[in-house]
Amino acid sequence: MVRRMHAIRHQVTHALHRGEEWLFANPKIVLGCIFAVTLLFALCLPKLRVYSDFADLLPQNHRYIQTYNRIKENFGGANMIIVAVEVEQGTIFNDETLKLIHEVTQGVDDLPGVNHNLVSSLTHRTARKVYLSEEGSFMSEPYYDPSKGRRSVAELEQMKKDVVASPTMYGLLVSPDMRAGLIKAQLNESGIDYAKTFDALQKVRQAASRPGHRIHVTGNPVLTGWVYTYTGQIVQILGYTAVLIAVLLIVYFRRFYGVALPLLGIGLSSTWGLGFMALLGINLEPLSLPIPFLIAARATSHGVQLVARYYEEFAKTRNGKQAARNALDALFRPGSLAIIVDAIGIAVLVLGAAPFNHKLGVSAGFWGFSVIFTVHFMVPLALTVLPQPKAHENKNQGMRNFLGQAMAKTGGTTGGARTILILAALGALGGSYFISRVQMGESEPGSPLLHRNHDFNRSTKAINTLFPGSEELHIVARTDDKGGIKKPEVMAAIERFQAHMLEDPSVGGTKAIPGVVRVVNRLTHNDDPRWMQIPDNAEEVGGLMFAYMASSPIPGALKEFINPDENEADMVFYYKDHQAETIARVVKVAEAGIQKIQAEVPGLHIELGGGIIGVTAAGNQALHTDHMIIIPAVMVLAFLLVMAYYQSVHAGWLMVLPMLFATLMTYAYMGAANIGINVNTVPVIAVGVGVGIDYAVYFMDRIREEMAITRNIHKAVVNAVATTGYAVFFTAAMLIAGVVMWIFLSDLRFQSDAAVLLSFMLVVNAIAAMLIVPAWCVVFRPHFVVATHYDADGVLEEDEEGPANPVQAKA
């Protein structure tokens with residue numbers, strides 16, 4: 001069996017070797033094909049679109065989202081704009097403030113993409129006072145008549161009393177302290193132009209600016225609109241980053257090829273990646289921009305490894321073509337393995353529940369895989385056809401010697417290696433304390449996408465202080481039969497469920513159809529408070545609902561409460577934030593109430609969940625599942641690929657070990673820094689997890705090379721760190737340079753935090769690869785590392801048996 005495996009390994013390695021020979025025999029043909037494909041992808045670039053699609057962020061198969069999609073047109077979705085007009089002195093019940101609220105309401109109603117049936121405010125045409133005339137007829141009139149210029153003190157006082165008497169006005173659209181009025185508008189979710197809507201909203205806000213008043217604006221479309229305003233800044237940061245990478249290449253190589261070829265690799269791989277997205281019609285999500293740029297930076301890092309090895313070989317051979325061939329010979333296996341694992345690690349995102357994950361997994365996975373052609377083959381082949389450099393000396397030899405000497409005194413010794421492994425184990429155990437603090441979802445009020453003092457977060461805080469809450473949860477009561485909502489037992493069940501939810505102190509308020517029925521019933525009985533109750537038969541309930549609708553000249557007066565078939569009713573609950581902790585508690589309370597109420601009323605179904613709270617709850621639950629699948633899948637696939645490449649279980653474990661350590665440290669950092677796991681951070685973590693294998697594979701393969709030459713594990717790891725270690729150190733700096741500008745220049749807090757997180761992951765991965773992999777090799781001496789040789793064709797292979805001289809291998 002062992003001989004059979006050895007034969008298979010020999011066949012595979014020599015097949016790859018023959019492939020390399022063909023590449024170098026036809027460099028111009030291969031380069032021509034690479035540039036031709038690049039041109040085809042470049043022609044697709046004008047079709048690339050940069051925008052956010054809200055539906056892409058939602059796990060469409062989740063039962064909450066299925067309910068949300070069914071009810072959003074009738075009862076409202078999560079794309080709601082919320083504007084509050086606050087008066088600094090007194091109350092809103094004066095002509096100037098009421099006129100201002102009306103102007104803002106009209107401006108919001110005119111915004112692009114607004115669902116005009118789902119706009120509400122004190123001054124909106126659908127906000128009406130229902131009453132009985134002297135003749136006993138049911139009548140209604142708007143609370144606010146814009147054609148009336150001035151109102152007397154008595155009229156304003158009566159309006160205030162009318163508002164306080166209305167459960168749909170007081171506390172929900174007018175603040176309990178009477179100092180603010182709320183305007184709410186729902187956007188139609190198909191084809192939302194967030195940038196256009198946000199610009200129009202900002203003009204409304206600017207036009208409404210008045211002395212003595214404050215305008216607060218929040219809501220998911222507003223958040224997305226703010227993100228769009230930073231597009232120009234994002235482009236600037238990308239430009240600065242490209243300049244920084246070029247400067248680092250100049251400092252490191254101080255040679256033309258060392259600068260030009262890695263930058264060319266960035267250009268080619270980016271063209272392939274972005275062109276592929278445009279070809280498939282995949283939009284580029286603004287918040288995910290650091291990820292594509294990190295992939296481009298990783299492409300550069302592979303180019304750096306190849307060019308660095310080229311100059312190292314050129315100093316020995318003094319032959320440019322031979323040096324290029326030697327560089328690819330040495331790095332073909334570790335480089336291609338690292339690229340494939342990178343690409344598959346990103347492609348695993350397609351296992352996520354949200355379409356955003358699917359798109360990112362497909363596009364970024366292809367982008368990562370394309371590096372094999374745009375960098376791994378392109379760089380050495382270009383070096384064979386380009387003129388040979390004149391200078392032969394190897395740059396940065398002093399730094400290489402320093403790294404080798406440092407390793408010789410630490411991880412290059414048996415005692416030092418054991419110490420490194422023990423410290424790594426202790427670090428992982430210590431990090432477990434902070435890992436337990438990582439939350440699934442948002443970890444603080446407002447939005448972590450923007451800085452805490454940003455206008456959006458300040459507006460959100462102000463509105464949640466003035467009102468019961470700007471974050472809505474929609475729960476639907478559905479009956480099997482049409483008209484079932486009118487049944488008194490169903491009405492009573494809805495109220496019991498509302499009372500159950502109100503036991504949670506975080507609920508600021510609620511509204512549903514029973515409240516309307518009670519108010520109308522009271523009005524029909526001479527406004528006697530004793531009649532503020534639910535009738536005992538469905539016919540009377542239906543009559544009261546009809547009376548309410550008939551009293552309003554505006555069609556669809558009950559549309560926000562009940563559907564036309566009267567078998568679905570919406571219950572709305574208001575909260576002040578959608579933190580992970582809040583949502584987890586809300587869902588737990590709601591599910592308990594649903595189970596209890598449904599058991600009491602046969603044929604009644606209560607379903608979560610619309611509004612921003614409902615869709616975020618679905619997202620958090622899906623994230624938990626995604627997270628438990630995606631990250632382990634990256635680890636398992638990395639293990640299997642490395643194991644298959646080297647036909648060694650130990651090889652797979654050795655490559656996953658630094659990834660596992662770096663991942664544990666990453667979660668510990670997230671717990672300590674209060675960074676939650678959400679739809680934006682999961683891709684960042686997945687991409688960062690795969691980075692570590694680049695470093696580890698290059699290190700491991702260099703140790704194997706050195707072991708085949710020196711037959712001494714201590715010398716092998718010292719030489720590996722002195723050579724590959726310096727290149728890895730620089731590539732880590734290159735990758736950090738790919739994201740570091742976001743930390744200092746981005747006004748988007750998420751991009752800044754994501755860049756810090758990625759930088760942390762890159763540093764920890766580099767340290768883990770430079771210390772843990774060599775230390776493990778020194779202490780445990782894996783057979784596939786210490787038992788290697790070059791065969792007659794110059795191909796590095798594992799010995800069929802153990803090393804020829806075990807004592808030497810252990811020395």
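Two strands pair if DSSP finds at least two bridges between them. The legends below apply this to a predicted model.

**View 1. Four strands form an open, antiparallel sheet.**
The strand order is 8-9-7-10. Strand 8 (509-511) and strand 10 (604-610) stand at the edges. Each has a single partner strand, so one side of each is left without a neighbour in the sheet. On average, neighbouring strands are turned by 20° against each other, direction ignored.

**View 2. Strand 7 meets strand 10 in the antiparallel sense.**
Strand 7 covers residues 471-479. Its pairing with strand 10 runs over 6 bridges. Within this pairing, R478 stands opposite H605 of strand 10.

**View 3. Helix 19 and helix 20 lie across strands of the sheet.**
Helix 19 spans residues 580-600. It lies across strand 7, strand 9 (568-575) and strand 10. Its direction is at about 165° to strand 10. Helix 20 spans residues 611-646. Strand 7, strand 9 and strand 10 are also the strands that helix 20 lies across. Helix 20 runs at about 85° to strand 7.

**View 4. Helix 14 packs against helix 21.**
Helix 14 comprises residues 414-435, and helix 21 comprises residues 649-673. Their axes are 8 Å apart, at an angle of about 35°. The crossing is left-handed. From helix 14, the contact takes in A424, G427, A428, G431, F434 and I435. Helix 21 meets them with F661, L664, M665, Y667, A668, G671 and A672. By class, this contact has 10 nonpolar and 3 polar residues, with no charged residues.

**View 5. R205 is a buried arginine in helix 6.**
Helix 6 runs over residues 194-207. R205 has a relative accessibility of 18%, so it counts as buried, the cut-off being under 20%. Neighbours within four places in sequence are left aside here. Beyond those, R205 is in contact with I215, H216, V217, D455 and S459.

**View 6. C44 and C777 are buried cysteines.**
A disulfide is a covalent bond between the sulfur atoms of two cysteines. A pair counts when the sulfur atoms are within 2.5 Å. By this rule the model has 0 disulfides. C44 is in no disulfide, and its nearest cysteine sulfur, that of C33, is 18 Å away. The relative accessible area of C44 is 12%, so C44 is buried. C777 has 0% relative accessibility and therefore counts as buried.

Notes: Residues are numbered from 1 along each chain as its sequence is written. This is a predicted model: local features need pLDDT of at least 70, side-chain atom pairs count only at pLDDT 80 or more; totals for chains, interfaces and linings use all residues. Side-chain values use heavy atoms; hydrogens and water are left out. Buried means under 20% relative accessible area, exposed over 50%, partly exposed in between (1.4 Å probe, protein chains only). Helices (H or I, at least four residues) and strands (E, at least two) are DSSP runs, numbered from the N terminus. Axes are lines fitted to C-alpha atoms, for helices over the stretch in contact, and angles run from 0 to 180 degrees between N-to-C directions. Contact means heavy atoms within 4.5 Å. A crossing is left-handed if the near helix is turned anticlockwise from the far one by less than a right angle, and right-handed if clockwise. Ala, Val, Leu, Ile, Met, Phe, Trp, Tyr, Cys and Pro count as nonpolar, Asp, Glu, Lys and Arg as charged, and the others, Gly among them, as polar.
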